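Reader: I am new to this structure. Please show it to me, and let me ask how each term is earned.

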Amino acid sequence: MSAGGEHLKDEGTRRQTVLAGGTAGLISRFCIAPLDVVKIRLQLQIHSLSDPVSHRTVNGPIYKGTLSTMRAIVRQEGITGLWKGNVPAELMYVCYGALQFTAYRTTTQALAQLGDYRLSPSGESFVSGAVAGGIATTATYPLDLLRTRFAAQGPERVYKSLFSSVVEISRHEGPAGFFRGCSAAVAQIVPYMGLFFTAYENLRPTMAQWDYLPFGTGMRLRVLWLVFWLKRVFSRLIL
């Protein structure tokens, strides 16, 4: 990060922005892949954990918590089961990160050309974040759908490969099948990213003046600490 409290939207060339966003998405996705698989498996269970008789007719594993679900997946599907759907997910995160950072930077630069009709800094950050989130989510949604369907597969596989899954969905569901649930995803991400980037741009200059933060000092650590707390706050808001 540059000194003097420069904004994220002003930093780096377009190529640097794309590479930074894509690389960040690639690394972060690989690290959190097992938790993503566990989350999807728990979300898709059709029985109630509070009712001991509700799962008597359910075939397949019964997941009861994060750690027990991880152990069940490793025991029944091997360690690679925790990374099911990781190929489309990696592609999604790389493309999403690159598209989001690029769209955010491009939108803020376009808004800066409005002259007398220019929005306030907070307004620009909100609009740019919302536009960036909407574009990135829509463009990468087919990969998100494939990630979810692969992660949901247990020992009995519905899709044998990434290519076969694309063929099957195209044949049985048509092009619209790749965008099932997309409207809900966009409706969620637009205000989320608008608020996220607004808070980021407004709080980062203040945090740059802090002399102490846990785990060290420096602008990069300040930004990481800010993003960590923003993520916690917004996660609570959307639950």
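**Cores and helices**

Author: Ten residues make up the largest nonpolar core: Tyr 96, Ala 103, Tyr 104, Ala 132, Ala 136, Ile 189, Tyr 192, Met 193, Phe 196 and Phe 197. Two or more of its residues come from each of α3 (86-111), α4 (121-152) and α6 (182-207). With five residues, α6 gives the most. This is a predicted model: local features need pLDDT of at least 70, side-chain atom pairs count only at pLDDT 80 or more, and totals for chains, interfaces and linings use all residues. Numbering starts from 1 along each chain as its sequence is written, and side-chain values use heavy atoms, without hydrogens and water.

Reader: Why is this called a nonpolar core?

Author: The term covers buried Ala, Val, Leu, Ile, Met, Phe, Trp, Tyr and Cys residues joined through side-chain atoms within 4.5 Å. Buried means under 20% relative accessible area (1.4 Å probe, protein chains only). The ten residues form such a set, so the name applies.

Reader: What is Ala 136 in contact with, beyond four places in sequence?

Author: Tyr 96, Leu 99 and Gln 100. Contact means heavy atoms within 4.5 Å. Apart from the largest core lies another, of nine residues, among them Tyr 141, Phe 150, Tyr 159 and Ile 169.

Reader: How many helices and strands does the protein chain have?

Author: Seven helices and zero strands. Helices (H or I, at least four residues) and strands (E, at least two) are DSSP runs, numbered from the N terminus. The order is therefore written α-α-α-α-α-α-α.

Reader: How much of the protein chain counts as buried?

Author: 38% of its 239 residues.

How values were computed
Buried means under 20% relative accessible area, exposed over 50%, partly exposed in between (1.4 Å probe, protein chains only).
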